[in-house]
Amino acid sequence: MGQLVSIHSYRGGTGKSNLVASLAFLAARRGKRVAVLDSDLQAPGVHVLFGFNPNGMPNTFSDFVAGKCDLSEAAYRVDADGAPNGSGNLFLIPSRLTLDAIMPLLADGYDAGRVNDQLSTLINKLQLDLLLLDSHPGFNEETLLTAAICDTLVIVLRPDQQDYHGTAVLVEMAARLHVPNIRFLVNKVMSGLEPEDVGAKVEQAYGKPVIGVLPFRAEMATLGSKGVFASKFPRDPLTAAIDQVVTALLEQEPTDRPPPKGAA
Ligand SMILES: Nc1ncnc2c1ncn2[C@@H]1O[C@H](COP(=O)(O)OP(=O)(O)O)[C@@H](O)[C@H]1O
Ligand SMILES: [Mg+2]
């Protein structure tokens, strides 16, 4: 059974979408079957990194939550160069970036139970080793209900007091939801700060493991989401650090989830 990992944060702008795209690319490059699900329905964006236009597609995650298709029908093969039919082992389940798709969600939310029910089915159907959820930041109810059934919840934070304070409350919430594995991923660490010190402080503050401490890189900021960083900058130290996170994620033991709906 593949790993289900939610990448979350208290605030936006921590680097979630960019890190999800690079994590997926690097895991796929190792031959793993990987999918990225853009569960940030209110502010979709990870499709941009893959040069993918969800608005022209018949089915997306937005259509799934609206009850118009199954989750696996909204999965598309992609690759890091934005070619329409990727190398075969990297999939994207995008969300629709239109006002018509976003407005009803703002008012009514969606049925997180239905999402949770179909995630295992998706992992089985696509035979995934890794399913990464790029989530909506903060305390969105549906997002947290899905985080609760993940094998691992990765909370991305910057060395920033607002992130630190908000993350503390997020961790409290995750504990109440009995999220099995909480891991921290510190991003945008400026040169001059020792990564080991930053990681040790975060572990000490929250009592949970740090899965990576990633440097702020001008190359990433300048790229401005115009592609998958790890693909564009294969030899950059940030890519090497993200690759270590892939190793750590793949080493985790998946937790027992209920069998997928429709399974014998
Ligand atoms: N390690 C990093 N160094 C420099 N810039 C980064 C880094 N990680 C992310 N960024 C930049 O931060 C911005 C926000 O990233 P994004 O992935 O959209 O965050 P989120 O999905 O958490 O809102 C993007 O412009 C991205 O290029
Ligand atoms: Mg994002």
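**Which residues of α7 are buried?** They are Asp-163, Thr-167, Leu-170, Val-171 and Ala-174. The views below come from a predicted model, in which local features need pLDDT of at least 70, side-chain atom pairs count only at pLDDT 80 or more, and totals for chains, interfaces and linings use all residues. Residues are numbered from 1 along each chain as its sequence is written, while chains are lettered from A and ligands numbered from 1 in the order in which they are written.

**View 1. Helix α7 and its packing.** Helices (H or I, at least four residues) and strands (E, at least two) are DSSP runs, numbered from the N terminus. Helix α7 covers residues 161-176. Its 16 residues should span 22 Å at 1.5 Å a residue, where the expected span is 1.5 Å times one less than the number of residues. The end C-alpha atoms are 23 Å apart, which agrees. A residue is buried if 20 or more other C-beta atoms lie within 10 Å of its own, exposed if 12 or fewer, and partly exposed in between, with C-beta atoms placed from the backbone. The buried residues of α7 pack against α6 (141-147), β6 (152-157), β7 (182-189) and α8 (195-206); contact requires C-beta atoms, placed from the backbone, within 7 Å. α7 lies across β6 and β7 and runs at about 165 degrees to β6. Axes are lines fitted to C-alpha atoms, for helices over the stretch in contact, and angles run from 0 to 180 degrees between N-to-C directions. After α7 comes His-178, with a positive phi near 60 degrees.

**View 2. The sheet and its edges.** Eight strands form an open sheet with mixed pairing, in the order β3-β4-β2-β5-β1-β6-β7-β8. Its edge strands, β3 (76-77) and β8 (210-215), each pair on one side only. Two strands pair if DSSP finds at least two bridges between them. β3 runs antiparallel to β4 (residues 90-93), joined by 2 bridges. Tyr-76 stands opposite Leu-92 in β4.

**View 3. Strand β1.** β1 takes in residues 3-8, and 6 of its 6 residues are buried. Gln-3, Val-5 and Ile-7 point one way. Leu-4, Ser-6 and His-8 point the other way. In a regular strand the side chains alternate between the two faces of the sheet. β1 pairs in the parallel sense with β5 (residues 130-134) over 5 bridges, and Ile-7 has Asp-134 of β5 as bridge partner. With β6, β1 has 4 bridges, also in the parallel sense. There, Ser-6 is matched with Leu-153.

**View 4. The shell around ligand 1.** 19 residues surround ligand 1, a residue being near if its C-beta atom, placed from the backbone, lies within 6 Å. The closest are Gly-15, Lys-16, Ser-17, Asn-18 and Met-220. α1 (16-29), β7 and α9 (218-223) are the elements that give two or more residues to this shell. By class, the shell has 6 nonpolar, 10 polar and 3 charged residues. Ala, Val, Leu, Ile, Met, Phe, Trp, Tyr, Cys and Pro count as nonpolar, Asp, Glu, Lys and Arg as charged, and the others, Gly among them, as polar.

**View 5. Positive phi at Lys-188 and Ser-225.** Most residues other than glycine have a negative phi. Lys-188, in strand β7, has a positive phi of about 65 degrees. It is partly exposed because 19 C-beta neighbours lie inside 10 Å. Ser-225 has a phi near 65 degrees and sits in the loop between α9 and α10 (229-232). Ser-225 has 14 C-beta neighbours inside 10 Å, so it counts as partly exposed.

How values were computed:
Contact = placed C-beta atoms within 7 Å.
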